[in-house]
Each structure stands twice: as C-alpha cells, then as structure tokens.
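Open your viewer and load the model. This tour tells you what to select next and what is there.

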Amino acid sequence: MKSMLRKTAAAVLCLALAAALMLPLTGCASDRLGTPLLSLEDEVVSENMFRLLMSRVKGNLALDGYSVGNDDLWDTIAASDGTLYDEYIRQLILQDAKLNLAAAVIFDEEGLKLPKETTDAIDAEIERMINDAGSKNALNANLSEFGANTDILRATYILEAKYAALMEHLYGGDRSRKTS
C-alpha cells in the first residue's frame, strides 16, 4: 500500500513536471518580476528569476573553489555527449525552475499555504540583507548585477519554499511517504 501511494505521488509530480516541460517559454509575469520565461497557471518564473538562480549557482561554484570568471571552466566538456559545462548548468537550472514551477502549482491545487513563519523568515532574511547592504536601494543595486531586485529575490524564495512545503506535505520531513 505504501509503495502504491509513493508511486502515485511520484506519478502526479512527474505528470505535472511533464506539463511544465511542454509549456511555451512565455507567460504573463507582473512587471515587478520582469519578462516571463516560464509560466504555469498563475505561477511564473521570469527571466530575471532565472538569472538570479544562475548567479546563485555561479556563486556557489566560486565558493567551492572553481574559477567561474575563467572561460575555460564554461568551455569544458561536462557530459559524454559533448555538452559544455555552461550549457549543462543552464539546463540543470532550467529543469530545477520547471520543477519548482510545477510544484508551486500542485502546492496551490492541494490548498496548501505557506506558514507565516516561513514568509516571516524569508522577509527577515531579505531585511537582514538590506541592513547588511545599508539600504534597500543599495541591496537592489547589488542585486541588479544579477538581473534581480528584492521583489524578484522574494518571489524566488517563495517559489522554492512552496516546493519544500509540498515535499514535506507529500513525503514528510525524511522524504518517505506519510501514512496519514
């Protein structure tokens, strides 16, 4: 029974992801998020959100010691089919964005709501970043290097929080199917 429920939940998520993969790469994002890249129902990933996600990965790679400013890194073959590291990373992030988008739609369909603690934590993190930068304008200036601002940052955090909350709802904290 447990295995059947797990397979059903996985199938639902896979179907939603497949639907997201068939989306046209346009939609209707609000002006505050920038030009839409992906949309599914009322959920949107804008080009600016995608740029922010790319920048985050690039920053994490830099923290791990990779020379992200060196073109040789991005021109390195990353897959047996000859895909370069640059394209490989882009495709991984695009897949992740599609998965988050599909999960956000299922989150809404399930009638889930982010706990106030989650949105408060997101807002507190952004407020901390504003304080560290000196002002909201200063933070937005810093984020603009990555095609983002505080609205785009918050929307990205919310999208990722919906994914995490859906996984918790479907599978529990240890990612095994809940029985209740």
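In what pattern do helices and strands follow one another along the sequence? Colour by secondary structure and trace the chain. The pattern reads α-β-β-α-α-α-α-α-α. That comes to seven helices and two strands. Keep in mind that this is a predicted model.

**Stop 1: the whole chain**

Show all 180 residues of the protein. Of these, 38% count as buried. Now think about contacts between residues with a separation of 6 or more. In the protein, 59% of them join residues 24 or more positions apart.

**Stop 2: the nonpolar core**

Select Leu38, Val45, Met49, Trp74 and Leu166. They have the most contacts inside the largest nonpolar core, which holds 45 residues. Which elements give two or more residues to this core? Select them in turn:

- the strand β1 (36-40)
- the helices α2 (47-63) and α3 (71-74)
- the helices α4 (85-109) and α5 (116-133)
- the helices α6 (136-144) and α7 (150-171)

Stay on α4 for a moment. The largest share of the core, twelve residues, comes from this helix. There is a general pattern behind such a core. In soluble globular proteins, nonpolar side chains tend to be buried together.

**Stop 3: the cavity**

Next, look for empty space. How many cavities of 30 Å³ or more does a search of the whole structure find? The search finds one. The volume of the largest cavity is about 30 Å³.

Select its lining: Met49, Leu53, Ala97, Asn100, Thr156, Leu159 and Glu160. Helices α2, α4 and α7 each give two or more residues to this lining. The largest share, three residues, comes from α7. What kinds of residue line the cavity? Four are nonpolar, two are polar and one is charged.

**Stop 4: threonine 156**

Keep one of the lining residues, Thr156, on screen. Threonine 156 sits in helix α7. Is threonine 156 buried or exposed? Its relative accessible area is 2%, so threonine 156 counts as buried; the cut-off for buried is under 20%.

Show its side chain as sticks. Where does the side chain of threonine 156 reach at 2.8 Å? The partner is the backbone oxygen of isoleucine 152. Leave aside residues up to four places away in sequence, and threonine 156 touches Met49, Leu52, Leu53 and Arg56.

**Stop 5: lysine 162**

Move along to lysine 162, also placed in α7. Lysine 162 is buried, because its relative accessible area is 14% and buried means under 20%.

Now select glutamate 43 as well. The side chains of lysine 162 and glutamate 43 are joined by a polar contact of 2.9 Å. Which residues does lysine 162 touch, not counting those up to four places away in sequence? Select Glu43, Ala104, Phe107, Asp108 and Leu114.

Add lysine 113 to the view. From lysine 162 to lysine 113 the C-alpha distance is 8.3 Å, though 49 residues separate them in sequence.

**Stop 6: glutamate 127**

Go to helix α5 and pick glutamate 127. Glutamate 127 has a relative accessible area of 41%, so this residue is partly exposed. Then pick leucine 139, twelve residues apart from glutamate 127 along the chain. Draw a line between their C-alpha atoms: the separation is 9.9 Å.

**Stop 7: glutamate 41**

Finish in the loop between β1 and β2 (43-46), where you will find glutamate 41. What is the phi of glutamate 41? The angle is positive, about 50°, although glutamate 41 is not a glycine. Turn on the surface. With a relative accessible area of 56%, glutamate 41 is exposed, because exposed means over 50%.

Note on methods: Residues numbered from 1 in each chain as written. Predicted model: local features only at pLDDT ≥ 70, side-chain atom pairs only at ≥ 80, totals over all residues. Heavy atoms only, no water. Core = buried A, V, L, I, M, F, W, Y, C linked by side-chain atoms within 4.5 Å. Buried < 20%, exposed > 50% of the residue type's maximum accessible area, 1.4 Å probe, protein only. Helix = DSSP H or I, 4+ residues; strand = E, 2+ residues; numbered from the N terminus. 1 Å grid on protein atoms, 1.4 Å probe; cavity = no way out; pocket = protein on both sides within 12 Å on 5 of 7 lines; lining within 4 Å. Points joined across faces, edges and corners; volume = space filled by probe spheres on them. Nonpolar A, V, L, I, M, F, W, Y, C, P; charged D, E, K, R; others polar. Polar contact = N/O pair within 3.5 Å; in protein donor to acceptor, adjacent residues only side chain to side chain. Contact = heavy atoms within 4.5 Å.
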